[in-house]
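Biologist: Could you take me closely through one helix of this protein, and then set beside it the nonpolar interior?

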Amino acid sequence: MIVESKRRTFCLVLSVAVVAFVTLPLVRAQVDNKEKAEQQQQLEKSALKLLDEVIFSAESLKLPENRSYVLATAADLLWHRDEKRARTLFWEALAALNLPGYVEVKLPVAQEGNNSARAARSNGPTKEQLEDLNKYYARIETRRALLQKVAAHDPQLALDMMRSTRQGPPPLVPGTVQFDPDADLEQELTYAAVANDPKRALQLAHESLAKGLTYQLLNLLRQVNQKDQDAGTQLAGDIIAKLDTENFSNDFAPFFAVQLLTLSRTSGTSGAVLVATTSENLSFTRLKLDDQQKQHLVEMLTNAALSVTGGNILATIRYVMPEIEQYMPDRAAKVKARLAEYNRTLPPNQRDWNSFEARFAQASPEEMIRAINNVSEEQRRGLLYQAASKAVARGEADKYRELINSQIENETDRKAALDVLATDQMYFDISHGKAEDLEKLLPLIHPKEQRAIAMSYLAILLEKKDQHDEAVKLLDQARALVKIDMDAQSSGLFAVMLGYTLVDPPKAFAMIEASIDWTNDEISKVLLLDRVLRSGATKNGEIILNSPRFPLGLTMARYSAGVVALGKADFDRTKGLADRFQRNELKVAARLTLVQALLRDAQSRTN
């Protein structure tokens, strides 16, 4: 509990550090186009100068991964402005990781009479061995993230960088499997390098198909289809032909068939789209498969499901029941019977969830509410979320609210259902800019954090309608609902910050300054405790920037809608906020985040 509390504290203070620089103030003063252009030029000039300072300050960071992160982010920002320098910075980011040289490892062959080998297996890994293994995987993942960032600009450069720093297998630890960590990455980068050349991509795909099916082949299919849908259709056809020769008793063949079917779904098709990719960009263009190809895929899947012994394919095929019912309706009942038979072999908890999903996938909100007392307590909240989401999407929120009040007798369950509905409706109204609907909904939102979020976004919508005084009043009321402390609800706090930046910038500055002061006080206390607790947030006395625990990039993306030109506000004061941080790594991260916000906003204006 203590460790988790400190972890949440780290998350909060680091998020405050980010949000302070992605919710920048907006000045409402109107200026002509010429003056706007001059302000934008001055803004970019100031941001680039600050970026130079950030690059120089990277050397002041203790951790190799932090230095690499700063340099790689800088390279990413500079690519479209100075590609030559960006390439140099990417190489410097790779060098900053201080990766060990490649050493070929020959795995020992365990002999039957080798007592020491048996002892190692039975004793398991030591604490030191596990620490070495964790360090190895952390290094591999940091390098992979860097190379994928490079590949977004130049896949061939990423491939060259990977090959120049090829890594060996993991440390030989009892109970672990030895493998080539670069095998899949090399194939992924190779495919990315040819994705813009459909002819070369198809040639490479054919070479890969001759060796077998891989996850990277699916990524290549998606990339090719995104660039050239006809080439994507051709490659999908080649994969289908390969599936004809595959054994569907293994995991790969059914998975590929299901992927092809789901990626060819139209927006009106029931069922989720399962995407196998390591890319951060999950957008895709629908595969153009004809009915004959879809029917053939369904036929292969149902043949295997009705004949193969074992549950692997049955665990997969349930995701394409809509296609089975459409293209093989005569087999649908038999497949469902096999699924029910398979379901009975599962552990009770998994069996209950499978039955739950099958039962309510197509259910209406009314049917879900009537079944609320017939599901487990764990499933009840999931049912409430599904019902609320469907009701709001259908424009039937008021009807659903009446149903909740009339059908749910238990007061606790009724209150939970109403809160879930209000929250879902709130985010729907916010995303669609429905100020009047959000204002009517406000009295029905009871949790303080959700109420602060609703009031903040309503204030932003009112400000856009030139109702400034009403917007300020709402924000002041929302501010009273949140506070900066160990138990702070960060989403509500950040929503209020964002609202002030767009409505009342001086109050935003004051609030952010107070947040940074609180961060400075709390970070010093938590870091002292972290020497004992070892939450994983720090290493060698420095906070790990953009780690999985604290993804600064994702946090910035979440609040980047608040980014505006600093030239329309106060650049010096905003830069001063970064320097207000006492810890060097937070100061560097804050400056870098500010530059990211400015330069990416500028780039979007030119696209």
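Modeller: I will begin with the helix and then turn to the cores.

This is a predicted model, in which local features need pLDDT of at least 70 and side-chain atom pairs count only at pLDDT 80 or more, while totals for chains, interfaces and linings use all residues. Residues are numbered from 1 along each chain as its sequence is written, and side-chain values use heavy atoms, with hydrogens and water left out.

Helix H20 spans residues 397–407 (helices are DSSP runs of H or I, at least four residues, numbered from the N terminus), and its buried residues are Ala397, Tyr400, Arg401, Leu403 and Ile404 (buried means under 20% relative accessible area and exposed over 50%, with a 1.4 Å probe and protein chains only). Viewed down the axis of H20, these buried residues fall within an arc of 160°, so they line one face of the helix (the arc is taken from the directions from the helix axis to the C-beta atoms). On the face turned away from that buried side, H20 carries the exposed residues Asp398, Glu402 and Ser406. The buried residues of H20 pack against helix H18 (365–370), helix H19 (377–393), helix H21 (411–431) and helix H22 (435–441) (contact means heavy atoms within 4.5 Å).

As for the interior, the largest nonpolar core has 48 residues, of which Leu243 and Leu260 touch the most other members (such a core is a set of buried Ala, Val, Leu, Ile, Met, Phe, Trp, Tyr and Cys residues joined through side-chain atoms within 4.5 Å). Helix H12 (residues 252–263) gives the most to this core, with seven residues. Apart from this core lies another, of 45 residues, including Leu50, Ala93, Phe571 and Leu594.

Technical notes. Helix = DSSP H or I, 4+ residues; strand = E, 2+ residues; numbered from the N terminus.
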